[in-house]
Amino acid sequence: MTDKNGSAQQPNYDISKFKLTKILNNNTVRKSIALLGTFPDISEVDQALVIFEKNAFTESDVQTDGSTDKSFFSSKTKTNVEFLNNIYGSFQCIPESDLNCIKTTVVYPATDKHIEKYSIHAKHLIAETPALYENITLTYLKSSQFSLDWVYNILEHKQETERIVFEDPDPEIGFVLLPDLKWDGRTIEALYLLAIVHKRDIKSLRDLNSSHLPLLKNIRDSGRRAIEEKYGIPASQIRMYFHYQPSFYHLHIHFNPVGNDAPGIWCEKSHMLETVINNLELVSDYYKRATIPFVAYEGNKLLDIYDEELNVRKKLKLDENELTPTSEDSINAKIE
Ligand code: G7M
């Protein structure tokens, strides 16, 4: 945590006091675990999420040429032999503690929506036509979306200020580029930055049109340049994309190296910045007219609303783009 001046601040909870209620998701591939619990010394009722993730390897940590003072190949590494068989050896190595950090994310107090986001659920694809967007998704997200306070804190330099990699303050085409919450901040191979636009009236890909091309091109060009200068990663190795649906409805773009499979890069969720620019150059209101598929999770209210609405339309023999007159009220009633 940081204060207005960007200096470190203590959280109001002590991680060691976390009391586990439930394991929400144990991802053995990503080597991450999402935990639900409380900080009983502060509150018995406020829910807390703790997400632990083992860090990716940093190449400097395996050097043996003396270029680093911390290496896995050091006398400080404890080596337990599991078995030796012919030419094969299996060990558990315990390197010094600095090389064993675990990236930890805490959301406190966590809402039901945060808990839903970090729990395992079966996924379903929804082909969202413009009419379905206007009448179901938009109505849903207007009354049920994550708070954007953290985004405004960044844009107003109230939090994470010292982490900013690049900023263009222009109100129309400007943005802030900074490390994503998911990045450990040191493993360049797994670099993950976020560009957050200064403009506050663009919720997502859906709101983009050709008037936003200067903004998008500025993010592409200035963002790539800043990454190349600071991290030495050439523009040709930077993947830039939007999520649809995003979790946060204030336009932002993900940046990570193309050689690293960052979470959320699947084709059903990601839209490359370059493709978006090109689509808008070809058709200025492309994203107003396009059917955009997205993934919804079981247990998410939006999926339930889609299920019900589409069934009603089927029963009434309405085209899925036609609206039932009470649609908006009925959606609001279901959200409440
Ligand atoms: O799925 P969507 O496109 O909405 O992605 C939002 C991104 O914002 C994710 O990659 C998150 O890890 C990132 N993010 C979320 N929060 C709450 C924060 C935050 O407080 N600070 C930073 N730097 N990134 C965040």
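Cysteine 267 is exposed in this predicted model. Its relative accessible area is 73%, and a residue counts as exposed when that value is over 50%. Cysteine 101 is partly exposed, because its relative accessible area of 46% lies between the cut-offs of 20% and 50%. A search of the whole structure finds zero disulfides. Cysteine 101 is accordingly in no disulfide. The nearest cysteine sulfur to that of cysteine 101 belongs to cysteine 93 and is 18 Å away. A disulfide needs two cysteine sulfur atoms within 2.5 Å.

The protein as a whole has 336 residues, and buried residues make up 42% of them. Its secondary structure consists of eight helices and 14 strands. Along the principal axes, the C-alpha atoms fill a box of roughly 75 × 50 × 45 Å.

Helix H2 covers residues 130-143. It has 14 residues, which should span 20 Å at 1.5 Å a residue. The C-alpha atoms at its two ends are 19 Å apart, so the span agrees with the expected value. The helix also bends, by about 35° at threonine 137. H2 is mostly covered, with ten of its 14 residues buried. Threonine 137, the site of the bend, is itself among the buried residues. Its neighbours Ile136 and Leu138 are buried too. The other buried residues of H2 are Ala131, Leu132, Tyr133, Asn135, Thr139, Tyr140 and Leu141.

Strand S3 spans residues 43-54 and contains glutamate 53. Glutamate 53 is partly exposed, because its relative accessible area is 24% and buried residues must fall under 20%. In sequence, glutamate 53 and phenylalanine 175 are 122 residues apart. In space, their C-alpha atoms are separated by 29 Å.

The search for cavities covered the whole structure and found one of 30 Å³ or more. The largest cavity holds about 50 Å³ of space. Its lining includes Lys203, Ser204 and Leu205. Phe242, His243, Pro246 and Phe248 also line the cavity, as do His250, Leu251 and His252. By residue class, the lining divides into five nonpolar, four polar and one charged. The charged residue is Lys203, because lysine counts as charged. The nonpolar residues are Leu205, Phe242, Pro246, Phe248 and Leu251, because leucine, phenylalanine and proline count as nonpolar.

How values were computed:
Residues numbered from 1 in each chain as written. Predicted model: local features only at pLDDT ≥ 70, side-chain atom pairs only at ≥ 80, totals over all residues. Heavy atoms only, no water. 1 Å grid on protein atoms, 1.4 Å probe; cavity = no way out; pocket = protein on both sides within 12 Å on 5 of 7 lines; lining within 4 Å. Points joined across faces, edges and corners; volume = space filled by probe spheres on them. Helix = DSSP H or I, 4+ residues; strand = E, 2+ residues; numbered from the N terminus. Expected span 1.5 Å × (residues − 1). Bend = angle between axes of the 7 residues up to and from the residue. Buried < 20%, exposed > 50% of the residue type's maximum accessible area, 1.4 Å probe, protein only.
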